[in-house]
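Subject: Structure handover and notes

Hi,

Here is the structure I promised. Please have it open while you read; my notes follow below.

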Amino acid sequence: MAVDKGDPKTPKDFVIDVIYNGISKKLTVTKTDTVAATLAAAIDLFPITEQRHLLALFDEGGTELANEAQTLKDAGVKKKSRLVLRQSVVKGG
Amino acid sequence: MISVEPGLVERTLDELRSCGATKQECVVYWLAAQSSPTHAVDLVHPLHVSAAGGYEIDSGWLTSFMISLAEDDRTAIAQVHTHPGASTEHSATDDRFALIPSPGYVSVVVPWFGADDEVAAWRVHVLQRDGSWIVDRSAISW
């Protein structure tokens, strides 16, 4: 997600917070990053098992960023946004 | 190894029994301070739906809970949930849909909807890096 700040066509990067199990970490993104790329980068921030495909990002209102092809801009993610990384579904039986 | 605040096991049983009423499954989560992540000091009883054969946590509650953990500098280190009969083995659902998919996360299964006082019957499962679970009662210092 590194950007060349010398290229005026390159979107500016900004920092968001990703929360996983109470731990908050910073992630640098750009508005054109996809939800899928952001999710992968967020998962890499934390000690998570190989079952990565069960995780998703949620905004503070509880809405899942379910369209992984969507850009962060279109998903409403802005500078200083807080996203929650968690299992899409939690259940037992 | 997880250590448990005195009285937490009893509070856990109280929650599981009052919610499940020996008819439905229930779950609570044990919480620790981020500065002392192996000592369970408190529990939370999530908003969930349940039946005799399972439970599912409310999605909105989950997101709010994760944010509250961050704001309180806490972390979830274990889940304790009931099963209807004597079996305390993890189901496939238990394996895949635990609260925290991180190595070392602990899942305790309590038989008979928690009606029995015998804590020795509780089975302790510990999540491994590859996503599998092993049974290891020594993961908790009772």
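How many bridges join strand 1 of chain A to strand 2 of chain A? There are 8, and the two strands run antiparallel. Strand 1 covers residues 13-20. V18(A) has K25(A) in strand 2 of chain A as its bridge partner.

First, the ground rules. This is a predicted model: local features need pLDDT of at least 70, side-chain atom pairs count only at pLDDT 80 or more, and totals for chains, interfaces and linings use all residues. Residues are numbered from 1 along each chain as its sequence is written, while chains are lettered from A and ligands numbered from 1 in the order in which they are written.

The sheet in chain A

Strands 1 and 2 belong to an open sheet of 4 strands in chain A, with the order 2-1-4-3 and mixed pairing. Strands are DSSP runs of E, at least two residues; helices are runs of H or I, at least four residues; both are numbered from the N terminus. Two strands pair if DSSP finds at least two bridges between them. Strand 2 (23-30) and strand 3 (55-58) of chain A are the edges, each pairing on one side only. From one strand to the next, the twist averages 30°.

Helix 1 of chain A (residues 35-44) packs on this sheet and touches strands 1, 2, 3 and 4 of chain A. Its direction makes about 110° with that of strand 3 of chain A. Such angles run from 0 to 180 degrees between N-to-C directions, with axes fitted to C-alpha atoms, for helices over the stretch in contact. Chain B adds a helix too: its helix 2 (residues 59-71) lies across strands 1, 2, 3 and 4 of chain A, at about 115° to strand 4 of chain A.

Where the chains meet

In all, 22 residues of chain A are in contact with 34 residues of chain B. Contact means C-beta atoms, placed from the backbone, within 7 Å. Strand 4 of chain A gives the most to its chain's side, with 3 residues.

Strand 5 of chain A and strand 6 of chain B (residues 54-57) run antiparallel, joined by 2 bridges. K91(A) stands opposite E56(B) there. Within chain B, V49(B) also stands opposite E56(B). Strands 5 and 6 of chain B pair over 4 antiparallel bridges and form a hairpin with 2 residues between them.

Helix 1 of chain B

This helix (residues 8-20) has 13 residues and reaches 18 Å from first C-alpha to last, close to the 18 Å expected (1.5 Å times one less than its number of residues). T12(B), L13(B), L16(B) and G20(B) are buried: 20 or more other C-beta atoms lie within 10 Å of their own, against 12 or fewer for exposed residues. These four cover an arc of only 95° around the axis, so they sit on the same side of the helix. The face turned away carries the exposed E10(B) and S18(B). The buried residues pack against strands 2, 4, 7 and 8 of chain B.

The core

The largest nonpolar core has 53 residues. Such a core is a set of buried Ala, Val, Leu, Ile, Met, Phe, Trp, Tyr and Cys residues joined through C-beta atoms within 7 Å. Among those touching the most other members are L83(A), W30(B) and I77(B). Strand 2 of chain B (residues 27-33) gives the largest share, 6 residues. Not counting residues up to four places away in sequence, I77(B) touches I2(B), W30(B), A32(B), P37(B), A40(B) and V106(B).

Best wishes

Methods
Two residues are in contact if their C-beta atoms, placed from the backbone, lie within 7 Å. The arc is that of the directions from the helix axis to the C-beta atoms.
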